[in-house]
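Student: Before we discuss contacts, please show me the structure.

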Number of protein chains: 2
Amino acid sequence: MAVVISSESNEKVKNLRKLYHKRQRKKEGKFILEGYRIIDEAFKARAEIESIFMTPEFASGEEGRDIIGRINNPEAVNLLEDKLLKKISDTYTPQGIIAVVREVNYNPEDMFREAQIILVLDRIQDPGNMGTIIRTAVAAGADGIISLKGCVDIYNLKVLRSTMGAIFNIPVLHMDLAEFKEVIIEKGRDFEVVGTGLSGNRYHYEPTYSKPVMLIIGNEACGVRDDLLKLSDYIVKIPIIGRIDSLNVAVATGIILYRIVEEKNLANG
Amino acid sequence: MAVVISSESNEKVKNLRKLYHKRQRKKEGKFILEGYRIIDEAFKARAEIESIFMTPEFASGEEGRDIIGRINNPEAVNLLEDKLLKKISDTYTPQGIIAVVREVNYNPEDMFREAQIILVLDRIQDPGNMGTIIRTAVAAGADGIISLKGCVDIYNLKVLRSTMGAIFNIPVLHMDLAEFKEVIIEKGRDFEVVGTGLSGNRYHYEPTYSKPVMLIIGNEACGVRDDLLKLSDYIVKIPIIGRIDSLNVAVATGIILYRIVEEKNLANG
């Protein structure tokens, strides 16, 4: 660990940089975290941290010593010249530390078993919205998220930051539309599939949500696609009282999820 | 209007630039909008648009001709060299048009009269959150917002963009803590003052919100300050079921506001 890497052609550095591309992340089943706060959350959630890169300055500070003390394999810690870390980093003001984390492969069977709330996301585009939706789903005690093909990558750094660490505390499955349709056919009888959108004919507070719920939330501009609305048992809408077209998608998700929490009395049991 | 302003020392340009500072905006009671979309919203809401600056290119396009057709006083339209408008603008990719709008002076008496929901904001810091909260308040049919001293300026361009035009459709009052306390003493018997925070001993869905409500929402990190919690008739909290510390403040605002909408049956009445 005493050697400070300064060259862009170092193999470890080259591999690290590749992970800033979605395709490579997917191929390797790994993703990147930047900054102490979210890496601390990853440790707390027992995420599988494969390697860590930090500047000598960061390593010698309190947060650096804390991280070094928590990693099992000392070989996994690499020191990088400040200038090089800045060049690699995605943020304008990098915080001196980057971690490579192994993605967890969640199993649909485990996610669905005894689940009360599954959140299904259709073409969510904005990383900040995506992160806030994941944070909200964890707060509301959702059992899992299905991110359909067309959503922003959940391992995008902006998404990860907006989750405030929640990403480590909820299973996420990735599916395309065909796979999701199969899930509904197989699991359909156990779940109420609830679409959302202005075409809904019930307000979000009218159903009793007595069966386990699969709640579908759609794109910021165009909502849930028709194919998915057709698969829904019913469609709910949030009443818009004042002069505005719509709610922010993360706010809308929170409003509906918490109405389900209330009906299911999840806060007390 | 045929003259294209190219000099930074032009008086109109100098005055426009001053309005990019909060202090000057407050002094003059004016604020700035950038981009067609939000200026279009301002026109629709009959905001008092004092002057408009656009590039010759923007003026000759469809959106430019639309704006020029809608402004009553042709003298109010100024053409600015592209390079100069870029220099003045707050955004990385300015959209060719800037408008100066006169702030509406709302009257507390009018806001409180027959109001069912007043939203009180305590030290909201993030412009995106502030804008989304305003958008959510309009959607939920709130009758007005009280922005306490210490909140980010609602006429900050990032706030205005995040409101998606909602800023023109709800009265906003600015008060310091002392002024707000006076309001509560005067108006207290007509309103239920509802604090929010983890110290609450009732979930947000437990009260019946039968009286008009003044709902207080607090800072992203530290919530509603104690002084305000002490003034509250009661404090509600949103249950956090999963492993996360808190909800995003705009999401939390939406969850509570819509629970009030439901209790008051505002969607149907």
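Tutor: In domain 1 of chain A, 12 residues are in contact with 8 residues of domain 2 of chain A. This is a predicted model, in which local features need pLDDT of at least 70 and side-chain atom pairs count only at pLDDT 80 or more, while totals for chains, interfaces and linings use all residues. Residues are numbered from 1 along each chain as its sequence is written, and chains are lettered from A and ligands numbered from 1 in the order in which they are written.

Student: What makes two residues count as in contact?

Tutor: Their C-beta atoms, placed from the backbone, lie within 7 Å.

Student: Which elements each supply at least two residues of the side of domain 1 of chain A that touches domain 2 of chain A?

Tutor: They are α2 (22–28), β2 (30–34) and α3 (36–44) of chain A. Helices (H or I, at least four residues) and strands (E, at least two) are DSSP runs, numbered from the N terminus. β2(A) gives the most, with 4 residues.

Student: How do those domain 1 residues of chain A divide by type?

Tutor: Into 7 nonpolar, no polar and 5 charged. Ala, Val, Leu, Ile, Met, Phe, Trp, Tyr, Cys and Pro count as nonpolar, Asp, Glu, Lys and Arg as charged, and the others, Gly among them, as polar.

Student: How many residues of chain B are in contact with chain A?

Tutor: 32 residues of chain B, against 32 of chain A. On the chain B side, α12(B) has the largest share, 7 residues. That side divides into 21 nonpolar, 8 polar and 3 charged residues.
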